[in-house]
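Visitor: I am new to this structure and should be grateful for a close look at a single part of it. Please begin with one pair of residues and work outward from there.

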Amino acid sequence: TFDALHDFRAGTAAEPPAATSPDLAFEIRKGYDRREWALELMSDLQLNPTTFDVRLRLNEDTEVAAGKLRAALGVRTEMQSRWRVDYEAFREWRALLEHAGILTFQATNLELDEARGFSISLRPLPAVVVNIKDAYRGRIFTMLHEVTHIALNEGGICDLNDNQRRNASAKIEAYCNRVAGAVLFPKTDLLRTSEVHKHRPTDMTWSDGEIEALSRKFGGSREALLVRLLALNRTNEKFYYRKRDEYQLAYAVWRKQRKEGFAQPHVVSLSSAGPLFTTLVIENFNREHITASDVSDYLQVRVKHLPEIQRDYSGSELVGQGG
């Protein structure tokens, strides 16, 4: 009964591939399986999933839509400003999504050129999957883009290059990008910053220092910030595309030079599965509802690593209500 998701969120390719690769098909299948397992594990703990009930329409105002999502996630700008390290910002955004009733997973064996993320909009417990090989701020934007898809009830593997495709799918992608940017950089708070306040409204160019300071303040990428400034008519397409090309070139160099460090199997397993799913598995194991072999299957790690998982597992609030 499995159908590959219909959309495609590419890393750099302008068009989706002719066929879904085995790696991508596997990650999609794994996302579906983990969601089903999470529901079963919650049932075993007599928990009902928290309901993510934000519903958006494609013609809904971007600022209104972003406000609904920010309210549902419980995020405030002063919180974002405290997340000074990229990993910390990713971790905190991920926790907010899971607390709101959205599973978050990371694909570990998928090339960025093929997909940066996808979403499963089934309810309860919709799921967002991001590519672990992406930069942290890229993953944050992907999560929020995919949450918008879920709110539209349009789950899929989505194309970030909305300017490349002029069809119904491209309209959805463009809308999701705009909303994700507005969630990251709320209009009122962005325009109130000292950097924007001091910048002449007629000056469509921004210094690297201004861009870096604003992106750090809100925890979004530099390109996401420029998309937001473009939407607010504080920059123009000429400047945006010039800087975007510059960032993409720098990002390509970063990816080429970045050394893939060796991570211990149980660390990769926990990072891929996410806090909520890991909590459900460990809690069921601790209550003897499942075996060590089951834990190995759920978390896709060898049984011999279970002591390490239990040692490093810090626990997470179970998102749900008692049944």
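Which residue in E4 stands opposite glycine 117?

Guide: Glycine 117 has valine 130 of E4 opposite it. Before the surroundings are described, please note that this is a predicted model, in which local features need pLDDT of at least 70 and side-chain atom pairs count only at pLDDT 80 or more, while totals for chains, interfaces and linings use all residues. Residues are numbered from 1 along each chain as its sequence is written, and side-chain values use heavy atoms, with hydrogens and water left out.

The chain contains 15 helices and five strands; these are DSSP runs numbered from the N terminus, with helices being H or I of at least four residues and strands being E of at least two. Of its 323 residues, 50% count as buried, where buried means under 20% relative accessible area, exposed over 50% and partly exposed in between, with a 1.4 Å probe and protein chains only.

Glycine 117 belongs to strand E3, which covers residues 117–120. Gly117 and Ser119 point one way from this strand, Phe118 and Ile120 point the other way, and all are buried. In a regular strand the side chains alternate between the two faces of the sheet. The partner of E3 is strand E4, residues 127–131, and the two pair in the antiparallel sense over four bridges; two strands pair if DSSP finds at least two bridges between them. E3 and E4 form a hairpin with six residues between them, and leucine 125 in the turn has a positive phi of about 55°.

The hairpin is part of an open sheet of three strands in the order E2-E4-E3, with mixed pairing. Strand E2 (103–107) and E3 stand at the edges with a single partner strand each, so one side of each has no neighbour in the sheet. On average, and with direction ignored, neighbouring strands of this sheet are turned by 20° against each other. Such angles are taken between axes, which are lines fitted to C-alpha atoms, for helices over the stretch in contact; angles run from 0 to 180 degrees between N-to-C directions. Within the hairpin, phenylalanine 118 stands opposite valine 129 in E4.

Two helices pack on this sheet. H4 touches E2 and E4, and its direction makes about 135° with that of E2. H5 touches E2, E3 and E4, and its direction makes about 150° with that of E4.

The same two helices also share aromatic pairs. The structure holds eight such pairs; rings of Phe, Tyr and Trp (its six-membered ring) pair if their centres lie within 6.5 Å, and planes under 30 degrees apart count as stacked, over 60 as edge-to-face and the rest as tilted. Tyrosine 87 and tyrosine 136 have ring centres 5.5 Å apart and planes at 65°, so this pair is edge-to-face. The pair links distant parts of the chain, with tyrosine 87 in helix H4 (residues 86–99) and tyrosine 136 in helix H5 (residues 136–151), 49 residues apart. Tyrosine 87 is partly exposed at 42% relative accessibility, and tyrosine 136 is partly exposed at 30%.

Tyrosine 136 also pairs with phenylalanine 90: the ring centres are 5.7 Å apart and the planes stand at 40°, so this pair is tilted. Because phenylalanine 90 lies in helix H4 and tyrosine 136 in helix H5, the pair ties together parts that are 46 residues apart in sequence. Phenylalanine 90 is buried, at 3% relative accessibility. Over the face of phenylalanine 90 lies arginine 139, at 5.2 Å from the ring centre; a charge sits over a ring if NZ of Lys or CZ of Arg is within 6 Å of the ring centre and within 35 degrees of the ring normal.

A further arrangement of this kind involves phenylalanine 105, where the charged end of arginine 34 sits over the ring, 5.5 Å from its centre. Phenylalanine 105 is also one of the residues that ring pairs link into a cluster, together with Trp37, Phe277 and Tyr298.

For the chain as a whole, residues 24 or more positions apart account for 72% of the contacts with a separation of 6 or more, a contact meaning heavy atoms within 4.5 Å.
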